[in-house]
Amino acid sequence: MPTILTHAVIPMAARLGLGKPLVSNRLLMAGMAAAVIPDLDVIAFRIGIPYADAFGHRGASHSLVFALLMGLFALLSARALQAPRWWAFAFVALSGLSHGLLDMLTDGGHGVALWWPFSEERVFFAAQVIEVSPLSLRRVLSGRGWEVLQSELVWVWLPAMIAAIGIALALATWRRTAA
């Protein structure tokens with residue numbers, strides 16, 4: 001998995017690109033939560049659920065269905081998130097989905113159960129360019145953790161920031177021409 005900080009970069013970059021009028025502070029926080037919540041499945045290790053189980057690490061909580069359920073919760077909470085219902089749903093669901101997609105780009109683990117409950121097969125993207133993060137905090141804060149962070153800066157943070165700038169410029173251009 002990428003580090004927990006890196007999972008939150010996707011909704012943060014969306015906010016930078018789209019701006020506060022489209023992504024309220026509350027919606028941003030919900031998107032960031034949706035992007036990191038799937039990794040709460042590491043609790044499964046503590047209660048004896050094996051990694052490869054449907055409810056183990058990178059299992060059901062990393063699926064499209066789970067992301068859609070988080071989006072549904074956002075839709076029902078849209079007023080509190082200060083967003084239109086459809087937008088709250090889309091932003092949070094896509095933020096949640098980004099977690100599994102990023103994990104599919106890593107070079108370790110058993111893959112992601114993206115299609116659960118329809119399939120328990122674990123999948124990766126063909127290109128696995130992101131160094132997989134250690135699961136223990138102690139190892140994340142080690143030399144290995146620094147290698148992972150460097151990989152994430154190149155393969156996630158930099159492209160996310162470039163996309164944010166591109167979106168912001170496109171929106172600014174569209175607003176000028178529409179006025």
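# Briefing: an all-helix chain

At 17% relative accessibility, Tyr 51 counts as buried. That residue is a handy way into this structure, which is a predicted model. The chain has 8 helices and 0 strands, so reading from the N terminus the order of elements is α-α-α-α-α-α-α-α. The notes below go from the overall build to the core, then to helix H2, the aromatic rings and a few backbone details.

**Overall build**

- The chain holds 179 residues, and a compact globule of that length would have a radius of gyration near 16 Å; the value here is 17 Å, which agrees.
- Along the principal axes, the C-alpha trace spans about 55 × 35 × 30 Å.
- Buried residues make up 44% of the 179 in the chain.
- Among contacts with a sequence separation of 6 or more, 63% join residues that are 24 or more positions apart.
- The accessible surface of the chain is about 9800 Å², and carbon and sulfur atoms account for 72% of that area.

**The nonpolar cores**

- The largest nonpolar core has 18 residues, and the members touching the most others are Val 23, Leu 27, Leu 81, Trp 87, Ala 88 and Val 92.
- At least two residues of this core come from each of helix H1 (4-18), helix H2 (25-36), helix H4 (64-76), helix H5 (78-81) and helix H6 (85-103).
- Which helix gives the most to this core? H2 does, with 5 residues.
- A separate core of 6 residues lies apart from this one, and its members include Ala 67, Met 104, Leu 114 and Val 123.
- Trp 87 deserves a look of its own: setting aside neighbours within four places in sequence, Trp 87 is in contact with Leu 18, Leu 22, Val 23 and Leu 27.

**Helix H2 up close**

- H2 consists of 12 residues and reaches 17 Å from its first C-alpha to its last, close to the 16 Å expected at 1.5 Å a residue.
- The buried residues in H2 are Leu 27, Leu 28, Ala 30, Gly 31, Met 32, Ala 34 and Ala 35.
- What covers these buried residues of H2? The cover includes H1, H4, H5 and H6.

**Aromatic rings**

- A pair of aromatic rings is described by the distance of the centres and the angle of the planes.
- How many aromatic pairs does a search of the whole structure find? There are 4.
- Phe 45 and Tyr 51 make one of these pairs, with 5.9 Å centre to centre and 50 degrees between the planes, which is a tilted arrangement.
- The two partners differ in exposure: Phe 45 is partly exposed at a relative accessible area of 34%, whereas Tyr 51 is buried at 17%.
- Trp 87 and Phe 91 form a tilted pair too, with 6.1 Å between the centres and 45 degrees between the planes.
- Why are Trp 87 and Phe 91 separated by about one helical turn? They sit 4 residues apart in helix H6.
- As a general rule, an α-helix has 3.6 residues a turn, so residues three or four places apart point the same way.
- Both members of this pair are buried: Trp 87 has 18% relative accessibility and Phe 91 has 5%.
- Trp 86 joins Trp 87 and Phe 91 in one aromatic cluster.

**Backbone details to look up in the model**

- Most residues other than glycine have a negative phi, and most peptide bonds are trans.
- The peptide bond from Trp 116 to Pro 117 is cis, with omega near 10 degrees.
- Pro 117 has its place in the loop between H6 and helix H7 (137-140).
- Arg 58 is not a glycine, although its phi is positive, at about 65 degrees.
- Where is Arg 58 found? Arg 58 is in the loop between helix H3 (43-46) and H4.
- Is Arg 58 buried or exposed? Its relative accessible area is 1%, so Arg 58 is buried, the cut-off being under 20%.
- Gln 82 is not a glycine either, and has a positive phi of about 55 degrees.
- Gln 82 belongs to the loop between H5 and H6.
- With 51% relative accessibility, Gln 82 counts as exposed, because the limit for that class is over 50%.

Key. Residues numbered from 1 in each chain as written. Predicted model: local features only at pLDDT ≥ 70, side-chain atom pairs only at ≥ 80, totals over all residues. Heavy atoms only, no water. Core = buried A, V, L, I, M, F, W, Y, C linked by side-chain atoms within 4.5 Å. Buried < 20%, exposed > 50% of the residue type's maximum accessible area, 1.4 Å probe, protein only. Contact = heavy atoms within 4.5 Å. Phe/Tyr/Trp six-rings, centres within 6.5 Å; stacked < 30°, edge-to-face > 60°. Expected span 1.5 Å × (residues − 1). Rg over C-alpha atoms; globule rule 2.2 N^0.38 Å. Areas by Shrake-Rupley, 256 points an atom, 1.4 Å probe, with all protein chains shown as cover.
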